[in-house]
Amino acid sequence: MLNKSIAYRLSVYISLAVIGVFIAFIGVFFLFNQTLIKESVKNKAMSQSNHVTSQVQRYIVTTSEVAGNISDQVIFYGQQDHADLFIQSLVIKYPFINAIYVKIDSTVTNLPYWSYFTYKDGDSTVIRRGSGNISSCANEQVQFQKLIKQKDEGWSEPYLCERNNIVVAAYCSLIMIDSPSGQKKRVGEVICELSLNELNKQVNSLKIGKEGFAFLMSKDGVYITHPVTDWILNRSIYDVHEKVLREDITTTTKKVLAESKPGTLIAYPELFNFEKALVYYVPIQQNGWVLVSVLPYKELFEPLYLPVLQMLFFSVLGILIIYLTVTYIINQQIKPLSLVTKQLKRFSNLTGPYKDIPENEIIQVAESLNYMKSWYEKYLQIQSDEQKKKQRRQEDMNQASEIQQSFIKTIYPAFPDRTDIDLYSSYQPAKGVSGDLFDYFFIDDEHLILTMGDVSGKGVPAAFFMSVAQTTIKTNALVSKANKIVEKVNTELCTSNYHQFFLTLFLGVLNVKTGILEYCNAAHTPGYVLTKNGKVKELAQSHGLPLGLYSDKSYGSAKVQLNRGDTLVLYTDGVTEMLNENNEQYSNHQLVDNLISLTGKSPKEIVERLEKSFKMYMGHAQQADDITMLVFNYKA
């Protein structure tokens, strides 16, 4: 060995060191393989169960969200006499919802009905409505009364619906409205029944390995889904055979039901002929149910045998590759001349006379550094290009904002040659671009159009839709009838509305000679008339749904007389829904109080004073929505 070359000795020593490390690693691996395999089995069980968990939670969350959406909108649809169609469409849309029950307090006015009950009957859907309590079986009546008596939203215990012999669980959402004091008031409940039969089909259809299965338990341990349908609502975790759990059954059961985080345990299920299995349980946070996944141990360990053999094979192969690599590298570094000669000979046989090749490792290192330098310069160039692209995108957004601002009227007085009217506006987007719109223009010598609207959504798409809507309004403002203009605008917006945006709109037609304002309010915030005597009149009447949803809808209108010195105030919901640092809304009540204090002020003074009050109210809170106001003073 001592008579060998340095390159040879270094190759042997380094290779022996690497081989020793590999042997030590393999030895440690085999010593701890039991722990590693168990951990891998647990991780596999978790990964296979997570998909089932997400599917179950999707049904539970969707059911609660549907109930919440109904409670938020049912009064509005009820006032339009569309509540039954609205509720029925949701039962049809979601096959796992068995029934929906809505009960509204009779103190809520302008409703044709106060109770709705929609349920599936075979392949059809039945809708019932009335003024009293509606339900179709005794179990439902008992569970519904329990849910209604609760102060908060929540889930019922699973029960059998006698109407269609389906196991269900019901979720209750509260219907809340704003009281005159500005606080939320409970005026009813929405109860959605989740079909556990449908949920059981979905859980059983999900594959957990080859032979594994999953089931749901209530928070009391009762089976509410299971591959053996006869066990549903008839057996619980407390009824398991003594062979299933080798540990104390009562202690283990309480642990599974009481824990708020996932866990595992070993069991010997009847469905596996009492063979060993890994049980992974996950609490469902929304309602306290527990999802249990059961996987045979032999199935979990089987896929690990091949990776173990592969690791041994690749370890030996890695040792051989490292030995050859180390030998090659050392020969390259210590014996450059002999290797260069070999390479030159091989190269010359392929390409003819050889070119100059560096003879020592220092030059080779220098070339490597040059390569890294070239690579790093390319990397810096790529970073620079990305920064430029980001800057260009920001410039595009700024240009979009500038283009939108160019459509906004900012020159005041708006009609310098007229002394019978005065108006002023404020337009404050929450972001670079806005979905709010306002406009004012004469269609003839006597009639002035005043508009205020709000497009659903945010950002550039909403801003484009706003521009389209504003242009459409001007194009169709050919008559002095507010509702006819709105109907034409709605028809055109429905025709070109491919992204399902909608527009709330207040459109008024003012006869500047008589002071009569005819207006149509399509689900927009109500306007206010501030009289010269300091009284505020709310234009609260609504005449239809937002524009852009249904092309065949008709709209009504109302008239109000403006007297000399009266001021009309229009705004978007960004004003009244503005939040301060305590997450409290500005509210209509506070807006009215501020308007009363501004009696006798010019439109410009009113707008500027209101803007100051907005800033003081928000404090350090960020503006969450677009704020737009239009103040008009009638002087004739």
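Visitor: Why is Arg129 called partly exposed?

Guide: This is a predicted model, and in it Arg129 has a relative accessible area of 38%. Buried needs under 20% and exposed needs over 50%, so Arg129 lands in between and counts as partly exposed.

Visitor: And what makes Asp84 and Arg129 a salt bridge?

Guide: Their side chains meet at 2.7 Å, N to O. The cut-off is within 4 Å, so the pair qualifies. Asp84 sits in helix α3 and Arg129 in strand β3, 45 residues apart. Asp84 itself is buried, at 13% relative accessible area.

Visitor: How do you know that Asp178 and Lys184 form a salt bridge?

Guide: The closest N and O atoms are 3.0 Å apart, and within 4 Å is what counts, so that's a salt bridge too. Here Asp178 is exposed at 51%, and Lys184 is exposed at 56%. The structure holds nine salt bridges.

Visitor: What makes Arg235 and Glu270 a salt bridge?

Guide: Their N to O distance is 3.4 Å, again within 4 Å. Both residues are in loops, Arg235 between β9 and α6 and Glu270 between β10 and β11, 35 residues apart. Arg235 also has a ring partner: its charged end sits over the ring of Trp231, 3.9 Å from the ring's centre.

Visitor: Why is the pair of Phe215 and Tyr223 called edge-to-face?

Guide: The planes are at 65°, and over 60 degrees counts as edge-to-face, so the name fits. Their centres are 5.1 Å apart, while the pairing limit is within 6.5 Å. Both residues are buried.

Visitor: Then why is the pair of Tyr412 and Tyr440 called tilted?

Guide: Those planes are 40° apart. Stacked needs under 30 degrees and edge-to-face over 60, so this pair is tilted. Tyr412 lies in the loop between α9 and β13 and Tyr440 in strand β14, so the pair ties together parts that are 28 residues apart in sequence. Tyr412 is partly exposed at 22%, whereas Tyr440 is buried at 3%. Both belong to a cluster of linked rings that includes Phe415 and Tyr424.

Visitor: What makes His447 count as buried?

Guide: Its relative accessibility is 16%. Under 20% is buried, so His447 makes the cut. His447 is in strand β15, and among its contacts beyond four places in sequence are Phe441, Ser480 and Val509.

Methods:
Residues are numbered from 1 along each chain as its sequence is written. This is a predicted model: local features need pLDDT of at least 70, side-chain atom pairs count only at pLDDT 80 or more; totals for chains, interfaces and linings use all residues. Side-chain values use heavy atoms; hydrogens and water are left out. Rings of Phe, Tyr and Trp (its six-membered ring) pair if their centres lie within 6.5 Å; planes under 30 degrees apart count as stacked, over 60 as edge-to-face and the rest as tilted. Buried means under 20% relative accessible area, exposed over 50%, partly exposed in between (1.4 Å probe, protein chains only). Helices (H or I, at least four residues) and strands (E, at least two) are DSSP runs, numbered from the N terminus. A charge sits over a ring if NZ of Lys or CZ of Arg is within 6 Å of the ring centre and within 35 degrees of the ring normal. Contact means heavy atoms within 4.5 Å.
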